[in-house]
Amino acid sequence: MAISSASLPAASNLRQMIQRSAKHAQTQVSLKQMVEFGSKPSPTTVLRATQFIHHELPIRIAKRVVELESLPYNLSSMSSIKTVTEWYHQSFADLASFPAPEQSGIPRKLLREQSFEKEDAKTAFEVRKIQRYCNPLEDQTALKEVNEYNAKFMECLEVIKRRHDPVALNMAQGIQELKDHWRATKSNPVLAASSRQMDMTARAFKRTHPSLYPSQLLKNPDAAANLLPTDLQSFLDRFYMSRIGIRMLIGQHVALTKASLGKSTFPADHVGIICTKTSIRDVVTQAYDNAIGVLQNASGVLNPPQIKLYIGSSTCAKNDVNFMYVPSHLHHCLFELFKNSLRATVERYGTDADGEYPPIKVVVAEGNEDITIKISDEGGGIRRSGLPLIWTYLYTTAEKQELESNLYNDFRAPMAGFGYGLPLSRLYSRYWGGDLRVISMEGFGTDAYVHLNRLSNCDEPLPS
Ligand SMILES: Nc1ncnc2c1ncn2[C@@H]1O[C@H](COP(=O)(O)OP(=O)(O)OP(=O)(O)O)[C@@H](O)[C@H]1O
Ligand SMILES: [Mg+2]
């Protein structure tokens, strides 16, 4: 069977297809479903997942294209944002020109019959029925065709994933371009609203500026200069949450396909990129070590703050807690939090205090619903009025970093300076039904709480 891409739809057709797809509902998936579905990936199960992803990804991508093209404050016309929009267009086109399993010559009896439109993720990932009809493992011709099709689709997904690697960098650049434009033209809408607010009651102001009203912060001109209008902030939250979901689907599908083709095997306790027994101790230790590496590169400190790790309650100390999760997602959050704590501690005590820093305490508590990781530092804390700012994209008190290739790789960030660490980490923890909270004691230190949903049954919180 030769799988050749259908010819690329003409630009106007593509536009219509995107508009149509963007109106469809997305299908959310939970961690539990992914694990149940992918534990023994055979060519048939992967084919069925391919059917689901071939249907689902264009919808998710189309929604982002439509939003990227109609952003407020003229953000859509910033050159870096245009580049990102083109990548999303191109990826939609790649999927649109890849023949659906139904059009690829694969025997129909191997395919599911209903459409995905009216069903939930549970049925989308249901595999047993199809295996009863036909097992391609017993039919060598069908097996070859299915494997070939799955492999080609995997290649298509890998190209898409690579294309989107620099998206975070480009989005940050786009926001920076907008902020520079506001500065040059003295037209920052938050600052303008901030000065206008002085003459109005809070209620009247909220009525006239619904998207620019981040509570009391506007009264503080320093804070206002750093804020993004709330509609931009929530666009970025939606955009990155969707990106996490798309990359999760692709990453998992590529891993399952490779395993079904015999090109790789999962490490023990893994289902694709999900680990059913993620070791909190291992991920904490690895994230801390990596953050120390970055700190030492940045500051030359030889004896950095130590880590004190407590797992379990004081009455029942444990060696470890294991649970089902995507270790790379947890690593992302913890790495960012450790970098922040290390930076605050070293800045407070100075590099001369090398070897005498207070430790960073990590407490892991295991409840029935949640596993919570608390990271406490004595880095001086954050002003209470500044706390809401820490969730603002591009807000940083560090020297601004040149937006360069560092952001290409989600796990090779510099010490600080992008103002992306906390907002992105919160999205990663919310993606699987958890949360991230930061509580500070100004003059002493900061506690960050990472809540992880151990029931693994939450659907992805996909933005519309
Ligand atoms: N543990 C902490 N102690 C003191 N201040 C903190 C702490 N964590 C965060 N902050 C403050 O919040 C700001 C935003 O943090 P965030 O991690 O989002 O960005 P950043 O560290 O500045 O840059 P990067 O995106 O590179 O991490 C920091 O610049 C710092 O002022
Ligand atoms: Mg940071």
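**Exercise 1. Contacts along the chain**

Determine what share of the contacts with a separation of 6 or more joins residues 24 or more positions apart, and state the secondary structure of the chain.

*Solution.* Of the chain's contacts with a separation of 6 or more, 78% are between residues 24 or more positions apart. The model under study is a predicted one. Its chain contains 15 helices and 8 strands. Of the 464 residues in the chain, 41% are buried.

**Exercise 2. The packing of H4 and H7**

Establish how helix H4 is oriented relative to helix H7, and which residues make the contact.

*Solution.* Begin with the geometry. Two packed helices are described by the angle between their axes and the distance between the axes. Helix H4 spans residues 79-96 and helix H7 spans residues 140-163. Their packing angle is about 175°, and their axes lie 10 Å apart. Because angles over 145 degrees count as roughly antiparallel, H4 is roughly antiparallel to H7.

Next, identify the residues. H4 contributes Trp87, Gln90, Ser91 and Asp94 to the contact, while H7 contributes Cys156, Val159, Ile160 and Arg163. Sorted by character, the residues of this contact comprise 4 nonpolar, 2 polar and 2 charged.

**Exercise 3. An open sheet and its helix**

Describe the order of the strands in the open sheet of 3 strands, and find which strands stand at the edges.

*Solution.* The order of the strands is S1-S2-S4, and the pairing is antiparallel. Strand S1 (270-271) and strand S4 (322-325) each have a single partner strand, so each stands at an edge with one side lacking a neighbour in the sheet.

Now examine one pairing. Strand S2, residues 274-279, pairs with S4 in the antiparallel sense through 3 bridges. Ser279 has Asn322 of S4 as its bridge partner. Finally, helix H2 (residues 31-38) packs on the sheet and touches S1, S2 and S4. The direction of H2 makes about 115° with that of S2.

**Exercise 4. The surroundings of Leu394**

Decide whether Leu394 is buried, partly exposed or exposed, and locate its contacts.

*Solution.* First, place the residue: Leu394 belongs to the loop between strand S6 (370-377) and helix H15 (421-431). Then consider the count of neighbours. There are 17 other C-beta atoms within 10 Å of Leu394. A buried residue needs 20 or more and an exposed one has 12 or fewer, so Leu394 is partly exposed.

Contacts follow. Beyond its neighbours within four places in sequence, Leu394 is in contact with Ala172, Ile175, Gln176 and Gly419. As for Pro423, it is 29 residues from Leu394 in sequence, with a C-alpha to C-alpha distance of 9.4 Å.

Definitions and conventions. Residues are numbered from 1 along each chain as its sequence is written. Chains are lettered from A and ligands numbered from 1 in the order in which they are written. This is a predicted model: local features need pLDDT of at least 70, side-chain atom pairs count only at pLDDT 80 or more; totals for chains, interfaces and linings use all residues. Helices (H or I, at least four residues) and strands (E, at least two) are DSSP runs, numbered from the N terminus. Two residues are in contact if their C-beta atoms, placed from the backbone, lie within 7 Å. Axes are lines fitted to C-alpha atoms, for helices over the stretch in contact, and angles run from 0 to 180 degrees between N-to-C directions. Angles under 35 degrees count as roughly parallel, over 145 as roughly antiparallel, 65 to 115 as roughly perpendicular and the rest as oblique. Ala, Val, Leu, Ile, Met, Phe, Trp, Tyr, Cys and Pro count as nonpolar, Asp, Glu, Lys and Arg as charged, and the others, Gly among them, as polar. Two strands pair if DSSP finds at least two bridges between them.
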